[in-house]
Amino acid sequence: MAVIAPNRLLRVDLRRRTVTSERVPERWLRQYIGGKGLGARYLYEELEPGTDPLGPENALLFMLGPLTGLVPGDARYAAVTKSPLTGTFLDSYAGGEFPAVLAGALDEHIGLLIEGAASEPVRIDVESGEASVVPTDSWGEETVATARHYDGSVACIGPAGENRVAYATIASDAGEHHAGRGGAGAVMGAKRLKAVVARGDPPTGLETLRERYERRYETDTATDWHRASGTVESIDFADAVGALAAEGWQRRGVEDVDTLGIEAIRERATGRERPDEVSPGDFRVETESGEHVPRGGTAMSLGAGLGIDEFDAVVELGGLCDELGLDLIDAGSAVAWTIRASDRGIVDREIEFGDPNGARELLGEIALREAALGDALADGVDAAAERFGGGELVPTVKAMALPGYDPRGAQSMALAYATSDRGACHRRALPIEREAFAGDWTPQRVAREVAVEQDRRSVLWSLVIDEFVAPVFDDLGAEWLAAVGVAPDTDLRTVGERIWTLTRLFNVREGFGRTDDVLPQPLAGPEGVDRDSFESMLDHYYDLREWTADGQPTRSLLDRLDLSDIH
């Protein structure tokens, strides 16, 4: 039986508790495919400029791709909304069981568009191509407890989302996976939506094509890295190339990375079959507080970033963030800012680097918005600095805290962070992986590498493909799209450029421009990133993108990308 890509959308109105099924415009499917691209098109269409991210007028989309559940690797979904942290376009991703079950539960629908706000805590149940809005009694529970509360596969928020922490996550698979950055969980909390519960069998089909790609995946070099360490080895790599931010961005590198990185995981992970290999499903560590699943960001943000070198303590802090529903990177940066602000006398708080107990206590206060400090930090580092001072302590771009890859050790990352469409983010482009082995780069080459990678990932995130499997899709998924009857209106690299341009148009409409594509103050200076060099990279990037000197897409670009209907 032929496999046909989903072409409908379920629209859920939480205020009215109504659900309608609507056909996705055929033109949009050809232009944007699904996931990030289609979500961005709906968000641009649905929102008025200046929409309050935490108001009922903001939309939240759970978007799949046309290949979800069919291709090798973990299925993934995209949470698309306007970010309460940055005010920009936001797409955040999570993998695991939930996206595949959601795909089966949605049937012919490619996603959920959630609008309005409920008057009481509710959940959305999805099954057999239909959805319903029902009251829930799990409000107040942490993410793991909430997942166990329901029969089905669950994506939910914890206390941080309920309290509208600006970097609250959406947790799935009992807290093992998170749509983390930018605060999609806070949007759920503002809508009084505790959970989405999916029931269904994941999609099947295209077995012959899948088997061929699985064989290709087995022989790809990225597969060996993924199986050996996955994202956990990120801290080892960053430390090795001199780009690991430590102790609140005051220095680079740690004394002994083996206490936090892949060697520590290999010693402590449960369920290993080989002593020299840890498969992704085995990234579980048993500590005194229970079993946790550490990720690369755990060790970088909560370990090196906070000067904590006790592996179990770092893993437990990561587990606490997972249960509360806090983004690891912004949460770690909030704690690091507090330590540095305390040292400067800006805030009155007894906390220091290397203090896991102090970090644990502060994370709890942030999630519950307790006291003035916890409440301020819940809105992000920039909000705390605006209230207390200390804006020069921890770097941010568009109010989003930087991950642990320090541009002072890899200057191409400064451009990647500055031009990311959702704030400081290494998932839009990671040129450090090539810069580390290529020597000095010219500003022109940096600009080209960043732009090409942003476009490529825009396509892959519209397909919503597991990024670890993505390297074997050398045609960006064209063969698979043909197999499910999707015919993009142009080549896929141009589709990616169109999607990236659309998210830029969304941000420009919200008032963002060149003055927001910045090199953070803490990273500049004699020992930091040269501002003239950064501005040169940005100039070349804008020229390559066909944007004006102020960072606005030109009319000729919109005509070329068939975006003239975007106003």
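**Exercise 1.** Which residues is leucine 326 in contact with, leaving aside its neighbours within four places in sequence? Place this residue in the nonpolar core of the predicted model.

*Solution.* Begin with the contacts: leaving aside neighbours within four places in sequence, leucine 326 is in contact with Ala160, Val165, Tyr167, Thr169, Cys321, Ala331, Leu363, Ile366 and Ala367. Next, turn to the core, where Leu326 and Trp337 are the residues with the most contacts inside the largest nonpolar core, a set of 141 residues. Then note that there is a second, separate core, which has 34 residues and includes Leu90, Ala118, Ile157 and Val187. As a general background to this step, nonpolar side chains tend to be buried together in soluble globular proteins.

**Exercise 2.** Describe how helix H13 and helix H14 pack, and find which residues make the contact.

*Solution.* First take the geometry: helix H13, residues 328-343, and helix H14, residues 356-368, pack at an angle of about 115°, and their axes are 10 Å apart. The crossing in which H13 passes H14 is right-handed. Now list the residues on each side, which are Ala331, Ala334, Val335 and Thr338 from H13, and Ala359, Leu362, Leu363 and Ile366 from H14. Finally, sort them by class, and the contact of H13 with H14 turns out to have 7 nonpolar residues, 1 polar residue and no charged residues.

**Exercise 3.** Decide whether arginine 428 is buried or exposed, and find the side chains that it meets through polar contacts.

*Solution.* Start with the location, since arginine 428 lies in the loop between helix H17 (412-419) and helix H18 (432-438). Its relative accessible area is 1%, and because buried means under 20%, arginine 428 is buried. The side chain of arginine 428 is joined to that of aspartate 91 by a polar contact of 2.3 Å, and to that of aspartate 421 by a polar contact of 2.7 Å. Not counting residues up to four places away in sequence, the residues that arginine 428 touches include Lys36, Glu453, Arg457, Trp461 and Trp500.

**Exercise 4.** Locate alanine 174 and arginine 192, and give the phi value and exposure of each.

*Solution.* Take alanine 174 to begin with, which is found in the loop between strand S10 (170-172) and strand S11 (177-179). Its phi is near 55°, a positive value in a residue other than glycine, and with a relative accessible area of 34% alanine 174 is partly exposed. Arginine 192 is found in the loop between helix H6 (184-190) and strand S12 (193-199). Phi of arginine 192 is positive as well, near 60°, and this residue is partly exposed, with a relative accessible area of 27%.

Key. Residues numbered from 1 in each chain as written. Predicted model: local features only at pLDDT ≥ 70, side-chain atom pairs only at ≥ 80, totals over all residues. Heavy atoms only, no water. Helix = DSSP H or I, 4+ residues; strand = E, 2+ residues; numbered from the N terminus. Buried < 20%, exposed > 50% of the residue type's maximum accessible area, 1.4 Å probe, protein only. Polar contact = N/O pair within 3.5 Å; in protein donor to acceptor, adjacent residues only side chain to side chain. Contact = heavy atoms within 4.5 Å. Axes fitted to C-alpha atoms, helices over the stretch in contact; angles between N-to-C directions. Left-handed = near helix turned anticlockwise from the far one by under 90°. Nonpolar A, V, L, I, M, F, W, Y, C, P; charged D, E, K, R; others polar. Core = buried A, V, L, I, M, F, W, Y, C linked by side-chain atoms within 4.5 Å.
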